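Visitor: I'd like a close look at a single part of this one, please. Pick a helix, walk me through it, and then show me how the rest hangs around it.

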Amino acid sequence: MATAAGGGDDNEWQKLPCDEKVQHKAWKARMTGYEECAKLFRTQDTDKSPEFSKYLGLVKKFVVDPNENAREKALDAIFAFVENAQVAGKTVGEVAGGLIGKCLNGRTKMKDRAFDILLMYIEIERQTDIEDELIKGLDNKQPKIVQACLELLRRGLSEFGSKILPIKPFLKQVIPLLEDRDKSVRDEAKLLLVEVYRWIGKQTLTPLIQNVKPIQMQELQTEFDKLDLNGADKPRQTRFLRSQQDLKQKMEQTQASTTVSASVTIDDVNAEMQEELDPFEMLEAVNILDRLSKDFFEKIESKQWKDRKEVLDDLLALLTQNPKLAPEADYFELVKALKKIISKDSNIPVVIVAAKCLTGLAKGLKKGFKTHAVGVLEVCLDRFREKKPNVLEALREACEASYPATNLEQLAEEAVVVLAHKTPIVRQCTHQFLTKCFAMATQTTLPKKVLKIYLPPLIKNTGEADAGVRDSAFECLGMLWKCLGEKHILPHVTDLDELKLTKIKEYAEKAVLLNARGEPRTAGTSTATVPKSVASSINTATMTKKSSGATIVKGDVTTDKDDASPNPASAAKTTTVVKKKAATSSKAAAASNDAAEEKRREPRPQKASVLIANVVSRVTPSQMKQIISNPMLLNEKFNALKVQPITAPLLIKTTTNVSYGTKYPIQHKSVLSTVRRSSVSPTVPSSSSSTNTQESISFALSSTKTIINSTAIVRSEKPIDDPEWQKLPPDEKVQHKLWNARLTGYEECGKLFGLQDSPKSGEFEDYLDLLPKFAQDTNENAKEKGLEALLVFIQEAFVARTTVGEIVPIITSKCLSGRPKIKERAFDILLMYIEIDKNAEIEEELIKGLDNKTPKIVQACLELLRRALSEFGSKILPIKPFLPKVIPLLEDRDKTVRDEAKLLLVEIYRWVGKQTLTPLIQNVKPIQVLIRIFFFNSLHLCIIFMRN
């Protein structure tokens with residue numbers, strides 16, 4: 001603060017003009033000059049007045065006045081100058097820097113006026129210069145200035161929007177400030193990110209802040225969740241540039257109107273003012289090849305699958321942490337190694353990680369992946385012969401990530417070869433992949449010459465015996481029909497019969513076209529273009545397609561009517577089908593020989609209170625006559641485990657499998673064995689099931705006749721006698737009071753789980769509530785079968801991941817102390833949970849088990865930790881969490897616990913080495929240490945011997 005003497009007693013300065021007063025050495029003179037300048041600037045008749053030009057060289061000195069009182073008045077003068085002068089834009093570079101360095105850390109009134117000036121510069125369309133100066137201010141050493149710059153960016157973004165004040169230039173420098181040592185800076189950075197979230201949304205912002213610490217991410221997420229982006233918090237531009245005054249008037253007039261069209265207009269204007277931000281473009285490109293380990297290419301060729309998986313895991317971590325890759329690097333050798341693994345490696349976990357690595361490379365390089373795309377697609381499509389869902393999913397993701405780097409013309413040659421592959425699942429998955437490619441195609445990207453390459457193999461596959469191949473081929477052709485139109489496709493499919501053409505048109509009606517980003521196009525399919533019957537089912541139910549060819553409709557309650565019936569009374573009847581325990585699900589399946597009978601539906605009477613376990617698939621009368629007249633025909637079909645189709649699959653699918661010897665026959669599929677996933681192979685159905693085939697066939701005949709006569713299959717509600725439990729569906733058998741009924745139920749459930757075509761089948765969800773019973777049956781024989789069924793469920797079901805918290809505590813407390821077969825099956829279940837990425841939960845439960853008072857359970861938990869560590873490695877099962885609990889068990893009073901603890905420590909030694917482990921066991925008794933050293937040395941000698 002200047003002293004009073006600084007004002008001077010000489011009054012001569014009062015006679016000076018304004019432009020000289022503002023340069024006077026006395027601060028009072030300067031302050032008076034600033035006040036006069038402000039009045040002068042506001043009273044000019046035009047923004048081009050020559051008075052403004054006189055002050056162009058002086059304005060920059062206003063902001064650095066050494067006296068704070070004078071500087072406040074100077075800022076008022078600058079604001080008037082910027083607001084009224086046309087030449088004000090020329091001063092932005094000198095004035096903005098002075099404001100940030102000298103005024104943002106001053107008293108409140110001065111700071112507010114500095115904010116007004118900087119925002120006014122944005123209004124006169126100098127936003128780029130202001131943003132650059134504010135970004136420089138974020139590197140200032142004074143927290144007050146950094147906080148003020150963040151606040152000003154937030155206010156500018158809130159008032160002007162993300163198109164006028166782009167987010168991309170400053171976002172990178174804001175994110176590190178979440179960890180600044182000054183609390184005001186951290187809080188302001190958080191508020192700015194919340195404002196950014198309002199304008200660009202979660203989907204765009206999340207990838208850019210993925211490296212933020214978990215606690216900070218949680219705080220941000222809490223703030224994000226508070227926003228109502230479709231209501232009060234929807235981003236709206238409230239301040240406009242000088243060139244947008246027409247838009248401002250339009251907005252004001254629109255806001256004055258209360259009509260619906262007015263609100264739509266406001267939303268349209270605000271949508272136009274939002275920046276189209278690509279998060280990928282904001283990321284820094286990284287050359288991951290420089291960060292690979294020196295022995296990467298050596299280990300990836302190793303004969304030990306653990307070595308291969310270890311380096312691939314490291315590569316996947318690099319790709320995850322660095323989503324954008326440097327396009328100038330040479331990835332040829334890396335892609336070549338990954339392709340070799342996918343095409344030839346027999347280890348499933350290694351193949352999955354390699355596919356994920358290729359996905360990361362394709363997404364990280366985008367168009368830069370074009371030299372590798374076709375080769376990658378070739379090996380991935382061929383590897384679709386692998387039937388395991390997790391492998392297929394990883395390969396599908398790799399294909400979809402690679403496709404944007406190529407096009408349908410470049411892919412055509414390889415696609416035609418794969419469409420003729422000898423393995424049906426390869427053709428089916430290729431159809432599904434091409435369907436998505438066609439959904440993103442246009443007449444430009446799919447010209448006639450390319451279309452003619454794809455159509456012949458697709459048309460040929462519509463006549464395949466495998467239902468999954470046929471349906472996926474129809475779906476693919478339907479997408480082409482939707483994409484290009486009838487006039488381009490119909491001339492090529494004239495040789496197809498009417499039924500097949502109808503099927504293609506049905507898929508075309510349900511098809512949804514996608515844009516280049518894989519999102520539904522704005523002018524997409526609407527139910528207005530779909531026939532009324534189809535539209536109603538789409539609106540009220542979720543439709544999925546199984547590979548067997550049956551359509552499953554899940555909705556609230558589905559009612560079927562006999563559309564073809566001439567009898568009005570019959571046509572008025574409806575059938576409400578209730579699935580299992582849920583009163584809001586239904587399934588419908590139909591198969592027909594000719595077009596006239598395809599739409600026919602035989603009505604069934606409405607149920608009162610009895611739940612039917614599954615919906616019986618309907619069979620046309622013509623097909624039924626063949627079966628009734630020749631029962632051996634049906635027997636041959638069951639022996640072949642498949643009903644051979646004529647033009648569509650003849651389904652005799654109801655509650656259970658014919659091989660179970662139970663009431664309702666079902667189409668058979670080989671069941672996965674209950675061993676580790678990496679060595680899973682299909683198993684042949686047991687021969688014992690064939691003894692009941694004739695009984696089941698006779699029942700099937702009577703059941704299908706019953707369907708034709710429109711008679712409902714209803715189970716009596718009277719008390720169940722001993723023999724009658726055999727007629728129950730599996731979900732009721734597993735709850736029966738007789739242990740042999742439950743045992744049979746568990747066996748049937750295991751086979752039923754293995755029969756599902758999709759890991760997301762509704763059958764799995766129906767059994768979620770019953771699964772705990774499988775592991776805690778009071779009968780040991782039944783419990784063993786229950787655990788086997790539970791293992792198949794975890795292998796096959798996607799929802800198995802949600803059961804870990806409920807199932808694992810039961811397994812550890814009820815099964816690990818049981819007889820050897822039960823214990824071994826429990827081990828398989830827990831290891832399977834680790835394989836489906838629930839390693840952290842399993843490790844936590846096993847650590848809890850180490851505190852159990854039953855030695856058998858403690859010993860089993862130690863053994864399982866050892867096995868898991870040996871099979872999965874220390875990265876998947878970290879050693880640090882359980883090691884402190886293991887060391888005290890070396891002195892346990894139970895010998896089996898002590899011995900297992902020793903073996904676990906030896907396994908740990910294999911992974912961490914002597915140098916790391918020895919300090920951790922220094923407090924163990926000397927005799928125990930000697931024994932451990934003996935084991936370690938023996939192991940070390942064995943390792944050296946094996947290497948030599």
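**A close look at helix α28**

Guide: Let's go straight to the residues that are tucked away: in α28, Leu499, Lys500, Leu501, Ile504, Tyr507 and Ala508 are buried. Keep in mind that we're looking at a predicted model. The helix itself runs over residues 498-510, which makes 13 residues. From first C-alpha to last, α28 reaches 19 Å, close to the 18 Å you'd expect at 1.5 Å a residue. Now look at the start of α28, where aspartate 497 puts a side-chain oxygen within 3.1 Å of the backbone nitrogen of leucine 499. Leucine 499 is also among the buried residues of the helix.

Zoom out for a moment. The protein chain holds 47 helices and six strands, and α28 is one of those helices. Of its 948 residues, 49% count as buried. The accessible surface of the chain comes to about 46400 Å², with 51% of that belonging to carbon and sulfur atoms. As for contacts, take the ones between residues at least 6 apart in sequence: 69% of them join residues at least 24 apart.

For a buried residue in another helix, try threonine 430, in α24 (residues 424-439). Threonine 430 has a relative accessible area of 1%, so it counts as buried. Setting aside neighbours within four places in sequence, threonine 430 is in contact with Leu381, Val418 and Leu419.

Next, the charged pairs. Side chains of opposite charge can pair when their charged atoms come close. The salt-bridge count for this model comes to 51. Take glutamate 188 and arginine 154, which form a salt bridge with their closest N and O atoms 2.7 Å apart. That pair links distant parts of the chain, 34 residues apart: glutamate 188 sits in α11 (residues 183-200) and arginine 154 in α9 (residues 143-160). Glutamate 188 has 6% relative accessibility, so it counts as buried. Arginine 154, at 22%, counts as partly exposed.

Stay with α11 for another pair. Aspartate 187 and lysine 183 meet through their side chains in a salt bridge, at 2.7 Å from N to O. These two are about one helical turn apart, because four residues separate them along α11. Aspartate 187 is at 30% relative accessibility and therefore partly exposed, whereas lysine 183 is exposed, with a relative accessible area of 51%.

Helix α45 (residues 895-912) has a pair of its own. Here the side chains of aspartate 899 and lysine 895 meet in a salt bridge, with 2.8 Å from N to O. The spacing is again four residues within the helix, so about one helical turn lies between aspartate 899 and lysine 895. Aspartate 899 counts as partly exposed at 28% relative accessibility, while lysine 895 is exposed, with a relative accessible area of 53%.

Finally, have a look at a bigger set of charged residues: Glu123, Arg155, Glu159, Arg239 and Arg242 are linked in a network of salt bridges. And if you go back to α28 after that, start from aspartate 497 and its side-chain oxygen, within 3.1 Å of the backbone nitrogen of leucine 499, then follow the buried residues, including Ile504 and Tyr507.

Conventions. Residues are numbered from 1 along each chain as its sequence is written. This is a predicted model: local features need pLDDT of at least 70, side-chain atom pairs count only at pLDDT 80 or more; totals for chains, interfaces and linings use all residues. Side-chain values use heavy atoms; hydrogens and water are left out. The expected span of a helix is 1.5 Å times one less than its number of residues. Buried means under 20% relative accessible area, exposed over 50%, partly exposed in between (1.4 Å probe, protein chains only). A polar contact is a pair of N or O atoms within 3.5 Å; within protein, one must be able to donate a hydrogen and the other to accept it, and residues adjacent in sequence count only if both atoms are side-chain atoms. Contact means heavy atoms within 4.5 Å. Accessible areas come from the Shrake-Rupley method with a 1.4 Å probe; for residues, only the protein chains shown count as cover. A salt bridge is a side-chain nitrogen of Lys or Arg within 4 Å of a carboxyl oxygen of Asp or Glu.
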